[in-house]
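The report that follows walks through one protein chain, from its overall make-up to selected residues. Please keep the sequence and the structure in view while reading.

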Amino acid sequence: MKKLFSLVLALAVCLAAVGYAEGATYVPGTYSASSAGFHSDVTVTITVDETSITDVTLDVSGETGGIGAAAGDALASQILEAQSAEIDGVSGATVTSSAAKVALTSCLSEAAGASGEKTPVADGTYSGTASSFGFLGQMTCDVTFKDGAIDSIEVVEESDSATGEWFASAEELLIPRILDSQSLAVDAITGATTSSNAIKSCVAAAIDAAGGNSAQWHDPIEKKTDTVRIEDYDVIVVGMGGSGVMSYCAAAEQGASVFGIEAAGKIGGDSVCTYGPMALNSEYLKEKFTNGEDYIDEDAVYNT
């Protein structure tokens with residue numbers, strides 16, 4: 001009996017050493033994880049004992065100066081106080097705050113020895129609303145779940161279109177990425193960052209409304225590393241904004257073989273958002289707001 005007692009005692013000591021003693025929540029140690037913020041990855045590093053978070057540091061150095069980059073200390077304080085990812089975040093740094101929550105959730109899951117399985121979502125259609133472009137801009141999406149997956153995403157309310165075609169780029173290009181990957185870790189569409197992040201925030205809110213945990217829907221997306229070789233062109237135009245498009249056309253009209261490249265989801269740059277000579281009676285704005293009718297007197301503008 002004494003020998004058996006000694007064995008049990010030794011086992012208890014061993015379990016305590018790795019954080020599995022009775023009442024333990026975490027395996028003591030330091031854990032780190034990253035999630036995509038507004039401009040860069042937000043990295044959260046935590047130190048835990050058996051039952052609590054004892055230290056938190058955030059690397060937000062790549063975020064917007066004075067906004068996201070200034071939110072690190074406040075977010076760390078909120079995490080230490082809440083002892084979880086259930087924090088309010090920092091006003092004006094919503095995307096950075098959300099990235100911190102996602103990274104923290106990954107850290108805590110690892111520390112708790114979780115399996116990594118997602119909290120189930122209920123089938124059905126759920127709405128999510130998030131701040132978007134403009135001071136009072138709001139976006140609402142209806143997200144339908146089927147068999148534990150995102151089946152469809154529909155933007156039902158937005159004001160981003162008033163600024164030009166950038167919202168259309170996000171709607172057309174980002175939503176298929178989310179549906180294909182079943183992850184909110186997809187990159188925003190360049191040129192439409194705010195609209196893209198609003199769509200992702202709406203989907204996250206819908207996941208939570210369906211009983212899931214949106215912080216678990218950030219599986220890493222594998223990036224392509226292919227090298228594409230472009231040859232036999234006379235002119236290469238890098239950046240297809242208004243000036244780039246004009247340069248492309250001018251070279252092509254002179255008989256040159258021209259190749260153009262643009263980082264954004266569509267060509268045109270800021271010119272597609274300009275309410276002036278670059279966008280007189282934009283086909284997009286006519287379709288969106290005036291039932292296809294011209295909304296500017298072109299002769300009057302020319303005379304002016």
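Is D187 buried, partly exposed or exposed, judged by its relative accessible area? In this predicted model, D187 has a relative accessible area of 37% and is therefore partly exposed. The salt bridge that D187 makes is taken up further below, after the chain as a whole and its three-stranded sheet have been described.

## Overall make-up

The model is a predicted one, and its chain contains eight helices and eight strands. Of the 304 residues in the chain, 33% are buried. Among the contacts in the chain with a separation of 6 or more, 49% are between residues 24 or more positions apart.

The accessible surface of the chain comes to about 17,500 Å², and 52% of this area is supplied by carbon and sulfur atoms.

## The sheet β4-β5-β6

Three strands form an open sheet in the order β4-β5-β6, and their pairing is antiparallel. Strands β4 (124–131) and β6 (149–157) occupy the edges, where each has a single partner strand, so one side of each is left without a neighbour in the sheet. With direction ignored, neighbouring strands of this sheet are turned by 25° against each other on average.

Strand β4 is joined by eight bridges to β5 (residues 138–146), the two running antiparallel. Within this arrangement, A130 stands opposite M139 in β5. Strand β5 also holds T140, which counts as buried because its relative accessibility is 13%, a value under the 20% limit for buried residues. Apart from residues up to four places away in sequence, T140 touches S127, G128, T129, E154, V155, V156, E157 and C202.

## Helices across the sheet

Two helices lie across strands of this sheet. Helix α4 (residues 166–181) lies across β5 and β6, and runs at about 165° to β6. Helix α5 (residues 193–209), by comparison, lies across β4, β5 and β6, and runs at about 135° to β4.

## Salt bridges

The structure holds five salt bridges, including the pair formed by K118 and D219, whose side chains meet at 3.2 Å, N to O. This pair links distant parts of the chain, since K118 is in the loop between α3 (94–111) and β4 whereas D219 is in the loop between α5 and β7, 101 residues apart. K118 is partly exposed, with a relative accessible area of 32%, and D219 is likewise partly exposed, at 36% relative accessibility.

Another of the salt bridges brings together the side chains of E172 and K266, at 3.7 Å from N to O. Here too distant parts of the chain are linked, with E172 in helix α4 and K266 in the loop between β8 (258–261) and α7 (283–289), 94 residues apart. E172 counts as partly exposed at 47% relative accessibility, and K266 counts as partly exposed at 25%.

The salt bridge of D187 is formed with K223, and the closest N and O atoms of the two are 3.3 Å apart. D187 lies in the loop between α4 and α5, while K223 lies in the loop between α5 and β7, so the pair ties together parts that are 36 residues apart in sequence. While D187 is partly exposed at 37%, K223 counts as exposed, with a relative accessibility of 51%.

## A nonpolar surface patch

On the surface, V228, I230, Y233, I236, V238 and I261 form a nonpolar patch, and together they have about 600 Å² of accessible area. One of these residues, V238, is found in strand β7 (residues 235–238). With a relative accessible area of 71%, V238 is exposed.

## A buried glycine in a loop

Where in the chain is G68 placed? G68 is in the loop between β3 (53–59) and α2 (72–82), and with a relative accessibility of 2% this residue counts as buried.

Once neighbours within four places in sequence are left aside, the residues in contact with G68 are V60, E63, A93 and T96. From G68 to H39 the distance is 9.1 Å, C-alpha to C-alpha, and the two residues are 29 residues apart in sequence.

Key
Residues numbered from 1 in each chain as written. Predicted model: local features only at pLDDT ≥ 70, side-chain atom pairs only at ≥ 80, totals over all residues. Heavy atoms only, no water. Pairing = 2+ DSSP bridges. Helix = DSSP H or I, 4+ residues; strand = E, 2+ residues; numbered from the N terminus. Axes fitted to C-alpha atoms, helices over the stretch in contact; angles between N-to-C directions. Contact = heavy atoms within 4.5 Å. Patch = residues over 30% accessible without salt bridge, like charges linked within 9 Å, V, L, I, M, F, W, Y side chains within 5 Å. Areas by Shrake-Rupley, 256 points an atom, 1.4 Å probe, with all protein chains shown as cover. Salt bridge = Lys/Arg side-chain N within 4 Å of Asp/Glu carboxyl O. Buried < 20%, exposed > 50% of the residue type's maximum accessible area, 1.4 Å probe, protein only.
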